[in-house]
Amino acid sequence: MPQVYDGPPGGDAARRAVEAVWRIESARIVGALARWTRDFPLAEDVAQEALAEALVGWSRDGPPRDPVGWLLATARRRAIDVFRRRSALDERYAALAAGLTEGETAPAAAGTEHLPWDPDRIEDDVLALMFIACHPVLSPEARVALTLRTVGGLSSEEIARAFLVPVPTVQARITRAKRTIAAAGVPFELPPADERRERLGGVLSVLYVIFTEGSTATAGERLLRPELAYEAVRLCRTLVVLVPEEAEAHALLALFELTAARFPARTGPDGEAVLLEDQDRRLWDRSAIRRGVAELGHALAGGRGLGPYGLQAAIASCHAAAPTVGETDWGRIVLLYEALGRVAPSPVVELNRAIALAMAEGPGEALALVDDLAASGRLSGSHLLPGVRGELLARLGRTAEARAELELAARLCRNVTERAVLLRKAAALG
Amino acid sequence: MPKYMLIMRGTDETNAKMADASFDEMLETVGRFNEELIRAGVLVAAEGLEDPSQGVVIEFGGETPVVTDGPYGETKELFGGFYLIDVASKEEAVEWGKRLPAFPGSKCEVRRVPGIDEFPQDNEWIVRERAWRERTGQL
């Protein structure tokens with residue numbers, strides 16, 4: 001097999017080629033296996049075994065002519081081995097294994113080497129996979145890890161790197177998640193109609209968590225992890241194709257596109273954070289904005305009004321449409337935050353409303369809102385509240401208080417680049 | 001994320017085969033591939049070109065450019081169209097390229113498309129181009 005790209009020679013290039021196939025195909029491979037075995041944890045195990053075999057075999061012998069067929073056939077053989085082993089212990093598997101063995105020895109007609117690759121079922125398989133990876137019996141961390149691994153085709157190493165946790169932690173989360181699904185007897189299927197909307201909400205919130213971690217890293221050196229946010233965008237685009245009738249899925253994609261559009265302007269040459277007011281808006285990705293606005297249009301076309309993601313997307317679109325901070329429609333943003341606070345109450349939304357109010361009406365009224373929030377104790381321990389309070393005090397000319405608040409915010413902040421911004425602001429007050 | 005262009009490069013022979021093939025079948029084959037790209041969330045743009053017999057080649061050799069009507073005499077490989085995709089790595093772009101529906105004998109070239117961010121931002125012409133991109137919502 002000739003080398004088709006000029007990457008590092010040998011094993012590394014082969015590994016990356018396998019990984020590329022896996023990113024594209026993992027959801028469909030695991031989905032088809034899960035439908036066929038009716039056992040999602042087993043499907044994930046054998047798919048990973050096939051991937052591990054590919055990583056060794058393809059770098060030694062070159063990639064097979066039909067990589068997807070190879071992966072499916074290998075995973076299928078592993079599954080049959082498992083069925084046979086279990087059949088010695090359990091009669092139910094004996095029947096399954098007997099049926100499979102017949103299939104195995106049948107003449108090699110089309111399809112017998114591979115799993116039934118039914119194009120009409122693939123969509124449902126991938127969707128069912130998203131639903132099971134985001135199942136409510138799993139912990140939030142497990143949902144994120146399982147979704148990135150099975151639907152996104154990321155390795156445990158990539159997930160660990162993205163979330164700044166040790167690789168064994170990710171592996172343990174995935175193992176535990178699969179055990180939980182087995183123990184709870186969660187079937188591999190689309191949720192019944194009466195649960196569907198709620199379960200879809202679960203899927204959307206997992207994608208939101210992945211994107212948010214990529215767009216505002218809660219810890220570490222880097223402010224943005226665009227590659228992680230991009231995974232969420234990619235998964236959400238896939239989801240929108242699968243459930244085109246769901247307005248909130250479009251709304252979430254709109255939010256992602258409009259937020260990601262600002263990534264190029266959000267960090268300076270050395271990765272330092274650049275605040276919205278200082279961003280060079282010419283760096284915003286106009287095609288992402290256009291895609292986001294189109295998705296927001298789809299969300300509105302549902303005719304049932306915007307939900308939490310749609311309202312956030314609408315706020316992001318106000319920023320995207322504005323040539324400068326001063327020319328932003330802050331009044332509309334205040335209204336959208338008020339609406340968001342009603343459908344999805346959160347102290348962070350309140351805080352953002354205060355910031356918008358400060359821009360629309362001035363810092364005085366906003367400070368009163370922030371003080372109420374501080375008194376409620378709902379954001380204690382977060383750097384966000386003293387950060388905003390410090391800003392507002394500075395704008396009111398209460399310099400000494402402002403500096404103390406900004407310094408407090410810096411002490412509480414876990415992200416290095418954000419902390420630097422806070423200290424810079426405090427120092428600028430003299 | 002990195003953008004890559006998959007450039008379809010046919011030859012006179014593959015173009016002739018394509019002209020002979022059933023149009024409906026071709027629409028379906030290409031349509032299925034496009035659908036795959038859409039479902040995977042990676043498609044940014046795609047265009048196919050009209051038959052080269054309708055095109056011209058402009059050659060810069062002597063003092064004035066020479067215009068030749070298609071199919072261009074000596075030219076062995078003909079640009080037939082492109083896909084612009086948004087993927088995580090070059091390997092992923094290559095993997096999609098390998099899946100392009102193509103007649104034997106044709107080629108697909110995979111090239112990264114540098115973003116405008118990679119050009120000197122204080123250059124007057126880059127500034128102007130940015131302004132145009134901003135105004136028109138271009139890539």
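**View 1. The low-confidence stretches of chain A.** Let's start at the beginning of the chain: over residues 1–9 of chain A, pLDDT stays under 50, and the model has 10 contacts beyond four places in sequence for this stretch. Please keep in mind that this is a predicted model. Residues 101–114 of chain A are another stretch where pLDDT stays under 50, with 10 contacts beyond four places in sequence in the model. For chain A as a whole, the average pLDDT is 87, and 89% of the residues score at least 70.

**View 2. Helices H6 and H9 of chain A crossing.** Here helix H6 (residues 140–151) and helix H9 (residues 193–215) of chain A have axes that come within 10 Å and cross at roughly 85 degrees. H6(A) is therefore roughly perpendicular to H9(A). From H6(A), the residues that take part are A:Pro140, A:Arg143, A:Val144, A:Thr147 and A:Leu148, and they meet A:Val206, A:Val209 and A:Ile210 of H9(A). Sorted by class, the residues of this contact are 6 nonpolar, 1 polar and 1 charged.

**View 3. The open sheet of chain B.** Follow the strands across and you will find 4 of them in the order E2-E5-E1-E6, with antiparallel pairing. At the edges sit strand E2 (43–48) and strand E6 (107–113) of chain B, each pairing on one side only. On average, neighbouring strands of the sheet are turned by 20 degrees against each other, direction ignored. A good place to zoom in is the antiparallel pair of E2(B) and strand E5 (residues 78–86) of chain B, joined by 5 bridges. Look for B:Glu47, which stands opposite B:Phe82 in E5(B).

**View 4. Helix H3 of chain B against the sheet.** H3(B) packs on the sheet, where it touches strand E1 (3–10), E5 and E6 of chain B. The direction of H3(B) makes about 155 degrees with that of E6(B). Of the 9 residues of helix H3 (residues 90–98) of chain B, 7 are buried, so the helix is largely enclosed by the rest of the structure. The buried residues in H3(B) are B:Glu91, B:Glu92, B:Ala93, B:Val94, B:Glu95, B:Trp96 and B:Gly97.

**View 5. Where chain A meets chain B.** In this last view, 23 residues of chain A are in contact with 19 residues of chain B. On the side of chain A, two or more residues each come from helix H1 (11–37), helix H10 (226–242) and helix H13 (286–301). The side of chain A that touches chain B has 11 nonpolar, 3 polar and 9 charged residues.

Notes:
Residues numbered from 1 in each chain as written. Chains lettered and ligands numbered in written order. Predicted model: local features only at pLDDT ≥ 70, side-chain atom pairs only at ≥ 80, totals over all residues. Axes fitted to C-alpha atoms, helices over the stretch in contact; angles between N-to-C directions. Parallel < 35°, antiparallel > 145°, perpendicular 65-115°, else oblique. Contact = placed C-beta atoms within 7 Å. Nonpolar A, V, L, I, M, F, W, Y, C, P; charged D, E, K, R; others polar. Buried ≥ 20, exposed ≤ 12 C-beta atoms within 10 Å, placed from the backbone. Pairing = 2+ DSSP bridges. pLDDT = per-residue confidence, 0-100.
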